[in-house]
Amino acid sequence: MGVRDFLVEIGTEELPPKALAGLSEAFLAGIISGLEDRQLPFAAAQVFATPRRLAVLVTSLEEQQADRETELFGPPVTTAFDAQGNPTPAALGFARKCNTSVDQLAQVDTGKGIKLAFLKIEQGVSTPELLPEIVSQALEKLPIPKRMRWGESRVEFVRPTHWLLMLFGEQVVDAEILGQHAGNHSYGHRFHYNQPIQICDPQSYAEVLAQTGKVIADFDARRDSIRRQVEKVAADLNGRAVIDPDLLNEVTALVEWPVALAGHFDEDFLRLPPQALISSMKEHQKYFHVEDSQGELLPVFITVSNIRSSQPAEVIAGNERVIRPRLADAAFFYDTDRKTPLAQRLDGLRDIVFQAKLGTLFEKSERVAALAEKFAAQLGGDGALAKRAGLLCKTDLVTLMVGEFPNLQGLMGRDYAEHDGESPIVAQAIYEHYLPRHAGDDIPESVEGCAVAIADKIDTLTGLFAIGQPPTGDRDPFALRRAALGVLRIMVDKEMDLDLLACIKESIAQHANLTVADGLAQTIFEFMLERFRTWYQEEGIPTNVFQAVHARRPK
């Protein structure tokens, strides 16, 4: 038996950019699993993914399954032959079952006596016969929440398909998958070379697509190209491109032949908070922003085009025309928001339900303010300022800017509070009360910020536990595990002298309208202590050390 390379490519309409990486990884895993299940050895496997294709290249794949030898055991020799040495019905029946004669059967010592045995050789199936099923099963297992149908076909996939390339060496694999019959043709870039491209052998796939089709099929190679181009364009402008990994992945999934170009916007927009401009450029237009050597935002953006234009200035001008109204909208939101102080927005929170049984965001803010005042006083901070921050901490949720860019909550609250003339401590605490947002995120620096952050998170925990909605299995819609871990991180990292169980009881007391089950505080306390287990496991703390400390029930 020899080996050959195998290539499969599914050509589609544009795939969902945020799902492309997951789809390609799952496709590769499905192909590898299918080959291993059918005992088809290979040297390596590589995945390719662009907006219009998913492909896998398997190198040095065996041309056929190896023949398999199986030994079937029959009756013991003592019962297989009579006293004269003639085969008994038991021996004859076993021989018929094996489609042979008794004299062709072996006698094998199994360690528990000598038995009749038959050596069966199963002929291995050729690889091309197995590949269609392997590919079909891999595609069927892709993580696709909602599949599409197109035309009159009953075929379903994440997007309509247009071609199927399947090569085993130079041989086209005979298969029909997702409504497409396999061939040896791929397709080039939708604009640069929207024509069929013959692929003569699997190894030439990536090179032929790049040279002839103007398609960089390798996701990682395309991402690296984008990163290098964006960094160079920024450097040419004496700036530094800020490359968010998630945005880089999304842009990589949107283009097949990336070309980075720099555009400019009016410097007057720099009066807006930088994060507002960044969010507008990033979320709406998928642009990378640029900073100077001091980290200040420059009036420059970098876009990644999916075409190498003969008139790049026109492409840049078009992007500048698009970004201008986006930034103008942000400026309008910002200027309009600042006309109404945060304190006057409190009534707007009365119309937003936090949770049906736990009341509105206004009621939550009142509870958080009361708790923050007590916690800050215990920690040596300013209780009055913590109370003020707790009362105003959710008011930016009813601003135009946060309504358009939810990820700016807290940031805009701080900015608007500073504009309103609130204490700098209050403004900072409004921002800090969301921290930490995720694992590895910063924690609040100010005592008042810590107090409001702990109050907000504990209020959510006690409320949801009180109405019987703790996390179950993988379900945690209110992110209570994250909230608990956030409280613990703040208390531990800042070495805060707070009694956690007492804090929980203080929070429960704020829910005077709820019927609280006996032992609720202890239940929440145990839930929070259990969050230490995951935290310390990630830090390499031995389990027995954690259990020893946990047994003391630290407060």
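**Exercise 1. The lining of the largest pocket**

Work out which helix gives the largest share of the lining of the largest pocket in this predicted model, and how many residues that share holds.

*Solution.*
Step 1. Start with the helices that each supply at least two lining residues: α10 (361-378), α15 (447-466) and α16 (480-493).
Step 2. Among them, α15 provides the largest share, with 3 residues.
Step 3. Now look towards the centre of the pocket. Of the 20 lining residues, K394, Q409, Y434, D456 and R482 are the closest to that point.
Step 4. Sort the lining by chemistry, and you get 10 nonpolar, 4 polar and 6 charged residues.
Step 5. Finish with the volume: the largest pocket holds about 530 Å³ of space.

**Exercise 2. The two sides of α1**

Find out which residues of α1 are buried, and where they lie around the axis.

*Solution.*
Step 1. Trace the helix from residue 20 to residue 37, which makes 18 residues. From first C-alpha to last, α1 reaches 26 Å, close to the 26 Å expected at 1.5 Å a residue.
Step 2. Pick out the buried positions: L20, L23, S24, F27, L28, G30, I31, G34 and L35. These residues lie on the same side of α1, because they cover an arc of only 160 degrees around the axis.
Step 3. Recall the helical repeat: an α-helix has 3.6 residues a turn, so residues three or four places apart point the same way.
Step 4. Turn to the other side of α1, where E25, E36 and D37 are exposed.
Step 5. Identify the packing partners. The buried residues of α1 pack against the strands β1 (3-12), β2 (44-50) and β3 (53-62), and also against the helices α4 (127-140) and α6 (219-236).
Step 6. Look just past the helix: Q39 follows α1 and has a positive phi, near 55 degrees.

**Exercise 3. The surroundings of α13**

Determine what the buried residues of α13 pack against.

*Solution.*
Step 1. In α13 (residues 411-420), the buried residues are M412, G413, D415, Y416 and A417.
Step 2. Their partners are α9 (312-337), α12 (400-404) and α14 (424-432).
Step 3. Move on to G421, just after α13, where phi is positive at about 85 degrees.

**Exercise 4. Placing G2**

Decide how G2 should be classed by accessibility, and which residues it contacts beyond its sequence neighbours.

*Solution.*
Step 1. Locate G2 in the segment before β1.
Step 2. The relative accessibility of G2 is 24%, so G2 counts as partly exposed.
Step 3. Set aside neighbours within four places in sequence; G2 is then in contact with L61, E62 and E63.

Methods. Residues are numbered from 1 along each chain as its sequence is written. This is a predicted model: local features need pLDDT of at least 70, side-chain atom pairs count only at pLDDT 80 or more; totals for chains, interfaces and linings use all residues. Side-chain values use heavy atoms; hydrogens and water are left out. Helices (H or I, at least four residues) and strands (E, at least two) are DSSP runs, numbered from the N terminus. The expected span of a helix is 1.5 Å times one less than its number of residues. Buried means under 20% relative accessible area, exposed over 50%, partly exposed in between (1.4 Å probe, protein chains only). The arc is that of the directions from the helix axis to the C-beta atoms. Contact means heavy atoms within 4.5 Å. On a 1 Å grid over the protein atoms alone, a cavity is a set of points where a 1.4 Å probe fits but cannot get out, and a pocket is an open set with protein on both sides within 12 Å along at least five of seven lines; lining residues have an atom within 4 Å of a point. Grid points are joined across faces, edges and corners, and a volume is the space filled by probe spheres set on the points. Ala, Val, Leu, Ile, Met, Phe, Trp, Tyr, Cys and Pro count as nonpolar, Asp, Glu, Lys and Arg as charged, and the others, Gly among them, as polar.
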